[in-house]
Amino acid sequence: MPPLISQEEALRLGQITDHAEIEALIERAWKARVERFDDSTDMCSLVNAKSGGCAEDCGFCAQSRFAEADTPMHAMMTPEQILEHARAAEAAGAHRFCMVTQGQGLSKRDFQNVVDGAKLVAEHTNLKRCVSIGHMSGDRARQLKEAGIQRVHHNVETAESFYPEVSSTVRYEGRLRTISAVEEAGLETCVGGILNLGETPEQRVEMAFQLARIDPTSVPINMLIPKAGTKFGDREHMDPWEAVKWIAIFRLILPGALLRLCGGRIENLGDLHQLAVKAGINGVMMGNFLTTLGSEPEDDRAMFEELGLNVSRQADNGSNPRPDNRSGWLDGEAPRTPVDALIDSQDEANFWDPSSQLRHRRKTSVPPRPDGAPNAFPEVIQVEPEAA
């Protein structure tokens with residue numbers, strides 16, 4: 001579906017700051033979202049199946065060996081552990097489950113763990129299955145499809161013109177090759193990025209239109225969580241109204257894509273979470289994120305239901321068409337399922353929990369970043385002028 005606004009209009013909308021004007025923009029984005037998706041939602045949950053020790057230099061990530069931050073670590077999960085976290089996601093009301101690993105490629109053994117985990121999730125839950133495992137070949141993409149994976153996540157992270165500031169070891173064109181391999185294998189694509197890395201408004205618009213050309217099924221919207229010891233660790237959080245405005249702009253540029261609020265939504269949106277949903281969001285990442293804590297399932301479901309949106313699960317998310325695969329929404333009430341009694345808090349199930357399941361290892365040395373930038377921006381010291 002082509003964008004509903006031009007690049008010039010998107011840039012103009014990016015300049016507005018008046019809250020009344022932003023609210024009018026939100027109403028416009030809400031109308032576009034309802035016209036395409038009616039009251040349907042697409043709720044996802046993830047497990048950080050392998051963390052830490054990444055060889056890449058992405059400036060936002062504490063897992064990078066180039067970051068001065070302590071490294072969040074845990075070994076590759078077994079397929080049975082992956083299934084356990086998937087069952088918690090299903091109990092919370094998620095429609096889909098994503099298995100995530102660090103780095104830009106997996107060893108044969110780790111890849112097989114993901115494949116076997118996907119098979120278990122397909123066999124024992126009604127969840128749709130996704131992975132985020134870095135670069136991959138067409139052959140690996142086909143193996144994932146055979147194992148029951150339906151969608152692959154691989155972000156572009158930012159606009160191509162700003163990308164050299166984000167990473168020099170993971171090439172932008174390499175990301176596009178992986179996305180193409182996923183499409184050629186007949187899998188859905190999930191491609192998004194991170195706002196507030198230091199990109200200009202023009203580059204935010206550039207990224208949105210680049211995503212429109214890629215035409216992914218799903219677009220996750222992340223907002224930077226500044227982490228001490230990373231390249232972008234000195235940045236401030238986004239102003240919540242600014243964040244909501246850009247979500248609405250992305251909706252108008254990407255009217256046919258599923259927009260999902262992901263990392264950084266807790267820290268950046270604050271009390272404007274529901275307004276962000278009205279700006280055009282289809283779903284959120286339920287539960288916790290890779291290295292940070294998320295919301296309670298009850299709160300996330302209520303945020304959508306108060307806007308008249310349907311968060312119910314179908315009898316079989318894994319097989320039946322849902323509105324998230326562009327086949328149109330199902331008519332009638334969602335049938336009851338064997339796990340229809342939803343849990344309301346993460347304490348009620350064994351969610352992925354970075355506060356207890358990650359260990360943080362202090363780095364003994366940090367190599368210089370390949371792009372020549374400092375590993376972390378130095379603290380700015382304000383110096384008072386001397387008296388005359």
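Mentor: Let's begin with Glu 188 and Arg 151, which are both buried. Keep in mind that this is a predicted model.

Trainee: What links Glu 188 with Arg 151, and how do you know?

Mentor: They form a salt bridge, with the closest N and O atoms 2.8 Å apart. The pair links distant parts of the chain, with Glu 188 in strand E6 and Arg 151 in strand E5, 37 residues apart. The cut-off for a salt bridge is 4 Å, and 2.8 Å is within it, so the name applies.

Trainee: How many salt bridges does the count give?

Mentor: The count comes to 16.

Trainee: What makes Asp 110 and Lys 50 a salt bridge?

Mentor: Their closest N and O atoms are 2.6 Å apart, which is within 4 Å. Asp 110 belongs to helix H4 and Lys 50 to strand E1, so this pair ties together parts that are 60 residues apart in sequence.

Trainee: Why is Asp 110 called buried?

Mentor: The relative accessible area of Asp 110 is 5%. Buried means under 20%, so Asp 110 qualifies.

Trainee: And what is Lys 50 called, and why?

Mentor: Lys 50 has 22%, which is not under 20% and not over 50%, so Lys 50 is partly exposed.

Trainee: How do you know that Glu 242 and Lys 245 form a salt bridge?

Mentor: The N to O distance is 2.9 Å, again within 4 Å. Both residues lie in helix H8 (residues 240-253). They are three residues apart, about one turn of the helix.

Trainee: Are Glu 242 and Lys 245 buried, partly exposed or exposed?

Mentor: Glu 242 has 23% and is partly exposed. Lys 245 has 1%, under the 20% limit, so Lys 245 is buried.

Trainee: Which residues are joined into one network, and what makes it a network?

Mentor: Asp 42, Arg 96, Arg 151, Glu 188 and Arg 260 are joined. Their salt bridges share partners.

Trainee: On to rings. How many aromatic pairs does a search of the whole structure find?

Mentor: One aromatic pair. The two rings are those of Tyr 163 and Tyr 172, with centres 5.5 Å apart and planes at 70°.

Trainee: Why is the pair of Tyr 163 and Tyr 172 called edge-to-face?

Mentor: Take two steps. The centres are 5.5 Å apart, within the 6.5 Å limit, so the rings pair. The angle of 70° is over 60, so the pair is edge-to-face.

Trainee: What makes Tyr 163 and Tyr 172 count as buried?

Mentor: Tyr 163 has 3% relative accessibility. Tyr 172 has 6%. Both values are under 20%, so both residues count as buried.

Trainee: Which charge sits over the ring of Phe 111?

Mentor: The charged end of Arg 140, at 4.3 Å from the ring centre. That distance is within the 6 Å limit. In a further case, Arg 36 lies over the face of Phe 37, with 4.7 Å to the ring centre.

Trainee: How many disulfides does a search of the whole structure find?

Mentor: Zero.

Trainee: How do you know that Cys 262 has no such bond?

Mentor: The closest cysteine sulfur is in Cys 190, 6.9 Å from the sulfur of Cys 262. A disulfide needs sulfur atoms within 2.5 Å, so 6.9 Å is too far for a bond. Cys 262 also counts as buried, at 6% relative accessibility.

Trainee: What is notable about the phi of Asp 38?

Mentor: Phi of Asp 38 is near 55°, a positive value in a residue other than glycine. Most residues other than glycine have a negative phi. Asp 38 is in the loop between helix H2 and E1. At 32%, between 20% and 50%, Asp 38 is partly exposed.

Trainee: Where is Asp 215, and what is its phi?

Mentor: Asp 215 is in the loop between helix H7 and strand E8. Phi there is near 60°, again positive. Asp 215 has a relative accessible area of 37%, so it is partly exposed.

Trainee: Now the whole chain. How many helices and strands does it have?

Mentor: It has 12 helices and 11 strands. Of the 388 residues, 57% are buried.

Terms used: Residues are numbered from 1 along each chain as its sequence is written. This is a predicted model: local features need pLDDT of at least 70, side-chain atom pairs count only at pLDDT 80 or more; totals for chains, interfaces and linings use all residues. Side-chain values use heavy atoms; hydrogens and water are left out. Rings of Phe, Tyr and Trp (its six-membered ring) pair if their centres lie within 6.5 Å; planes under 30 degrees apart count as stacked, over 60 as edge-to-face and the rest as tilted. Buried means under 20% relative accessible area, exposed over 50%, partly exposed in between (1.4 Å probe, protein chains only). A charge sits over a ring if NZ of Lys or CZ of Arg is within 6 Å of the ring centre and within 35 degrees of the ring normal. A salt bridge is a side-chain nitrogen of Lys or Arg within 4 Å of a carboxyl oxygen of Asp or Glu. Helices (H or I, at least four residues) and strands (E, at least two) are DSSP runs, numbered from the N terminus.
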